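Got a few minutes to look around a protein model? Here is a quick briefing to read with the viewer open.

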Amino acid sequence: MTQATSHRPLRVLITGGGGFIGSHLSELLLDRGDTVTIVDNFSTGRRANPEIVRRVASRCDRYRVIEGDVSTELPRLSPLDYDCVYHLAAAVGVRLVVEKPIHTIETNVHETSVVLRFCAERSLPVLIASTSEVYGKGIRVPMSEDDDVVYGSTGFSRWCYACSKAIDEYLALAYHREHGLPMVIARFFNTVGPRQIGEYGMVLPRFVAAALEDRDLEVHGNGEQSRCFCDVRDVVPVLPKLLETSACHGRVFNIGREESISIIELARVVIATLGSKSKVRMVPYAEAFSAGFDDLTVRQPNLTRIREAIGFTPRILLQQTVRDLAQEMSQREASGSHAGHVGHGPRDDQHKQGATPCRS
Ligand SMILES: NC(=O)c1ccc[n+]([C@@H]2O[C@H](COP(=O)([O-])OP(=O)(O)OC[C@H]3O[C@@H](n4cnc5c(N)ncnc54)[C@H](O)[C@@H]3O)[C@@H](O)[C@H]2O)c1
């Protein structure tokens, strides 16, 4: 694979390419001339996303959508037809994770194993999407890639997301060490922006949707827990840089923003930015989720490693993200396009097999 500076068009496979981050990544890669195939079961991804990508991407004959589970569809594809893979498909969202732990664990561990085997056949470079949740409760702030991790009890199902993603990391690193697979792990901190949906527990789209309708913004716990939000349009250009820089292979990278904000302050920023009449309503964790819900007070990345490897300076301010998400959400509402479905987890009756090439 070439270094990031000299780009030749690539044939790229993106699992979860119909989702929030995956659709922005598809757009970026199509714009620079790559051919993009996505595999998505639209369990949490919106079916409208590929339509949006088709509209904005200049060459949509280079865009192909395969609807189905990764584990069903990948064995039908040949690794010879691709130059690299971005594995973004996963069970995501704190609400989904807490309510559907079996689905979460099975999706995150099994599908990643299928992707890694597929890539190992031809030593295809692969980026594995991981999460800041892997740090668990965190032993220090800001969090660095080689920190030890501490998780809560297995009695709290919220930790199954962190543990399943940690297994993904172990597995990918093991493929690198045992088989020389060129892989990179991207540990996303809170990534936000247009096309994100709130149905599965993502806080910013939940707040923006409420503010647009002047409803109460529900802040869970005491609201003092803080997070670092980075715009998806700052995040996605980093992903091909990581995967196409061979010095990054076999390594884990934090991706996010260093500025942190408490969730109660985030609610106030959303209300002020959108000029909403909404109020903030405090909701105890036990009411929002289940008794004994375990949360993290702080999650903040140390970005030294990624800065040294490829350079990374997020530029889009939170207020801009809030405005752009609100505008896109209003358009979404007007066009009646919502998530693939609003249930939690894949709907088997909706899994159409086969490819849908772009026609427009
Ligand atoms: N958005 C964030 O803040 C954030 C933070 C940390 C990690 N991540 C990771 O980034 C990746 C993308 O997340 P996102 O925010 O875009 O969420 P998303 O829900 O929009 O994207 C995930 C996509 O994967 C698809 N999918 C799920 N299971 C599948 C399966 N078995 N087969 C095929 N497709 C499947 C979903 O339909 C969805 O389109 C995930 O791996 C997630 O864990 C995201």
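What follows is a short tour, sorted by topic.

This is a predicted model, where local features need pLDDT of at least 70, side-chain atom pairs count only at pLDDT 80 or more, and totals for chains, interfaces and linings use all residues. Residues are numbered from 1 along each chain as its sequence is written.

**The whole chain**

- The chain has 13 helices and 14 strands; these are DSSP runs numbered from the N terminus, with helices being H or I of at least four residues and strands being E of at least two.
- Of the chain's 360 residues, 46% count as buried. Buried means that 20 or more other C-beta atoms lie within 10 Å of a residue's own, exposed means 12 or fewer, and partly exposed is in between, with C-beta atoms placed from the backbone.
- Take the contacts between residues at least 6 apart in sequence: 83% of them join residues at least 24 apart. Two residues are in contact if their C-beta atoms, placed from the backbone, lie within 7 Å.

**Around the ligand**

- There are 27 residues around the ligand, and Gly16, Gly19, Thr44, Gly45 and Ala90 come nearest. To be near, a residue needs its C-beta atom, placed from the backbone, within 6 Å of the molecule or strand in question.
- By class, this shell holds 11 nonpolar, 13 polar and 3 charged residues. Here Ala, Val, Leu, Ile, Met, Phe, Trp, Tyr, Cys and Pro count as nonpolar, Asp, Glu, Lys and Arg as charged, and the others, Gly among them, as polar.
- Helix 1 (20-31), strand 2 (35-40), helix 5 (101-122) and strand 5 (126-131) each supply at least two shell residues.
- Which helix gives the most to the shell? That's helix 1, with 3 residues.

**Helix 1**

- Helix 1 is mostly covered, with 10 of its 12 residues buried. Among them are Phe20, Ile21, His24 and Leu25.
- Its end C-alpha atoms are 17 Å apart, which agrees with the 16 Å that 12 residues should span at 1.5 Å a residue. The expected span is 1.5 Å times one less than the number of residues in the helix.
- Just after helix 1 comes Gly33, with a positive phi of about 105°.

**Helix 13**

- Helix 13 covers residues 318-335, 18 in number, and reaches 26 Å from its first C-alpha to its last, close to the 26 Å expected.
- Its buried residues are Leu318, Thr321, Val322, Leu325, Ala326 and Met329. Seen down the axis of helix 13, they fall within an arc of 130°, so they line one face of the helix. That arc is the one of the directions from the helix axis to the C-beta atoms.
- An α-helix has 3.6 residues a turn, so residues three or four places apart point the same way.
- On the other side of helix 13, Gln331, Ala334 and Ser335 are exposed.
- What covers the buried residues of helix 13 includes helix 7 (203-212) and helix 10 (263-274).
- Leu212, found in helix 7, is in contact with Ala326, Met329 and Ser330, among others, leaving aside its neighbours within four places in sequence. Leu212 is partly exposed, with 18 other C-beta atoms within 10 Å.

**The nonpolar core**

- The largest nonpolar core has 97 residues, and Val126, Ala186, Phe207, Val208 and Val270 touch the most other members. Such a core is a set of buried Ala, Val, Leu, Ile, Met, Phe, Trp, Tyr and Cys residues joined through C-beta atoms within 7 Å.
- Not counting neighbours within four places in sequence, Val126 is in contact with residues including Cys84, Val115 and Leu181.

**Backbone oddities**

- Most residues other than glycine have a negative phi, and most peptide bonds are trans.
- Phe42 has a positive phi of about 55° although it is not a glycine. Phe42 lies in the loop between strand 2 and helix 2 (48-56).
- Asp214 also isn't a glycine, yet has a positive phi of about 55°.
- Buried or exposed: which is Phe42, and which is Asp214? Phe42 is buried, with 24 other C-beta atoms within 10 Å, while Asp214 is exposed, with 12.
- The peptide bond from Val141 to Pro142 is cis, with omega near -5°. You'll find Pro142 in the loop between strand 5 and helix 6 (159-179).
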